[in-house]
Amino acid sequence: MRSLIDILDLSVEELYEMIDTANDMIENPAKYAEACKGKKLATLFFEPSTRTRLSFEAAMLDLGGSVLGFSEAGSSSASKGESVADTAKIVSGYADIIAMRHPKAGAPLVAANNASIPVINAGDGGHFHPTQTLTDLLTISREKGRLHDLTVGFCGDLKYGRTVHSLIAALSRYTGIKIVLISPAELAIPDYVKEDVLDKEHMAYTETVDLEAALPELDILYMTRIQRERFADMDEYERLKDSYVLNVEKLEKAKSDMAILHPLPRVNEISVAVDNDPRACYFKQARNGKFIRMALILKLLSDDSLNTAVSQLPSEVSHLRCHNPGCITSCEQELAHCYRSMDGVNRCVYCDSEVK
Ligand code: NCD
């Protein structure tokens, strides 16, 4: 049994296979109409979502399976104080696979360690979002014909934008990738992405605040929303919310075949007039999301290997405490704190922030 918590849980070969399967699903949907007949997907969404949850549900329905679940924490037993671990054990008796979204980083890992069915991380706080990355990779491969030799600009909220963290990790495994990080200093990429991915994998990257100056060299522009719900200080959000707005005029500086991606929802960071530009790929990207999630569900349900999520946890429980208020350890008192060490830095296994 396998879970998908971090995009790096899938090998490069597996990603190519899944992209092939998704492309085949787009061409020949009828072939897969009964592929998961009799199987149930539980969507446990402790945080609001429209497209991710609906695309998971549509994916399972198009595979001939059925779906059950909840779409907000208030309608689950979490509101009564139930732990993620207990929820995962209970749901294992009712469904064949779980897709979980949670406001706290690491919650899907806790679920995977307690469930007896595969768990898919459908977004954990400001941490990771591997199935959006699958969607992004399928879109890049369909639009550009390759996943290597690309200059990719990430613009907006790189601090809290979990889709950015997962996509950078995924891109670290292809050759000829150049990353351009475009954000205000307050919303710069977290240290764990810099140290564990960009620096460790010797990726070529630059940082700038200037979108217009960066535009001409980009093959892909990945725009993101400023993540209002993750700000502790609303004055800071108000100050930063309009940092970047991509419009038709700015796009004149970009390559004629640059692909514009956005995980959506859009607030105001891409003006609506840009939607008519042939470079705008974000609605196609959302559609691709259903097909790659179909490929993922099919893959995890047909995999009979051991539970891999458990092996990600070091056996030794930490004497160090994680103090990140966005980590699942901050709200589940009985959860053992665990860390992994890399180059003398200790990082929480659930949220990747440094523990001291
Ligand atoms: C993203 C998310 O949830 O992180 N949306 C999505 O999955 N489609 C991006 C966002 O909310 O800004």
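What follows is a working chat about a predicted model of a protein chain with a ligand.

Biologist: Before we get to the ligand, which domains does the assignment give for the protein chain?

Modeller: The model is predicted, and the domain assignment of its protein chain gives domain 1 (7–129 + 288–309), domain 2 (132–282) and domain 3 (313–356).

Biologist: OK, and which residues are around the ligand?

Modeller: The residues around the ligand are R51, T52, G123, H129, Q132, R162, T163, R225, P263 and L264, and by class this shell divides into two nonpolar, five polar and three charged residues.

Biologist: Which domains does that shell draw on?

Modeller: Domain 1 (7–129 + 288–309) and domain 2 (132–282) each give at least three residues to the shell around the ligand.

Biologist: And which helices each supply at least two residues of it?

Modeller: Those are helix 2 (51–62) and helix 6 (162–171), each of which supplies at least two residues of the shell around the ligand.

Biologist: Switching to the sheets, what is the strand order in the one with four strands?

Modeller: The four strands form an open sheet in the order 2-1-3-4, with parallel pairing. Its edge strands are strand 2 (66–70) and strand 4 (119–124), each of which pairs on one side only, and the twist from one strand to the next averages 15°.

Biologist: How many bridges link strand 1 and strand 3?

Modeller: Strand 1 (residues 40–45) and strand 3 (residues 97–102) pair in the parallel sense over five bridges, and L44 has M100 in strand 3 as its bridge partner. Helix 3 (residues 84–92) packs on this sheet, where it touches strand 1, strand 3 and strand 4, and the direction of helix 3 makes about 160° with that of strand 1.

Biologist: And the sheet with five strands, what order does that one have?

Modeller: Its five strands form an open sheet in the order 7-6-5-8-9, and here the pairing is parallel. Strand 7 (204–208) and strand 9 (259–261) are the edge strands, each pairing on one side only, while neighbouring strands of this sheet are turned by 20° against each other on average, direction ignored.

Biologist: Which residue is the bridge partner of L150 in strand 6?

Modeller: The partner of L150 is I177, within the parallel pairing of strand 5 (residues 150–155) and strand 6 (residues 177–182), which runs over six bridges. Helix 5 packs on the sheet and touches strand 5, strand 8 (220–223) and strand 9, with its direction making about 165° with that of strand 9.

Biologist: Helix 5 again, then: at what angle do helix 1 and helix 5 pack?

Modeller: Helix 1 (residues 12–27) and helix 5 (residues 130–144) pack at an angle of about 70°, and their axes are 10 Å apart. The two helices are therefore roughly perpendicular to each other.

Biologist: Which residues meet there?

Modeller: From helix 1, L15, M18, I19 and A22 meet L134, L137, L138 and S141 of helix 5, and the residues of this contact divide into seven nonpolar, one polar and no charged.

Biologist: What about domain 1 and domain 3, how many Å separate their centres?

Modeller: The centres of domain 1 and domain 3, taken over C-alpha atoms, are separated by 25 Å, and the contact takes 12 residues from domain 1 and 11 residues from domain 3. On the side of domain 1 that touches domain 3, the largest share, four residues, comes from helix 4 (residues 107–114), and the residues of that side divide into five nonpolar, six polar and one charged.

Biologist: Last topic, the backbone: is the peptide bond from L264 to P265 cis or trans?

Modeller: The peptide bond from L264 to P265 is cis, with omega near 10°, and P265 is found in the loop between strand 9 and helix 11 (282–301). L264 is also among the residues around the ligand.

Biologist: And is phi of H202 positive or negative?

Modeller: Phi of H202 is near 50°, which is a positive value in a residue other than glycine, and H202 is found in the loop between helix 7 (191–199) and strand 7. For context, most residues other than glycine have a negative phi, and most peptide bonds are trans.

Note on methods:
Residues numbered from 1 in each chain as written. Predicted model: local features only at pLDDT ≥ 70, side-chain atom pairs only at ≥ 80, totals over all residues. Near = placed C-beta within 6 Å. Nonpolar A, V, L, I, M, F, W, Y, C, P; charged D, E, K, R; others polar. Domains from an automatic or database assignment. Axes fitted to C-alpha atoms, helices over the stretch in contact; angles between N-to-C directions. Parallel < 35°, antiparallel > 145°, perpendicular 65-115°, else oblique. Contact = placed C-beta atoms within 7 Å. Pairing = 2+ DSSP bridges.
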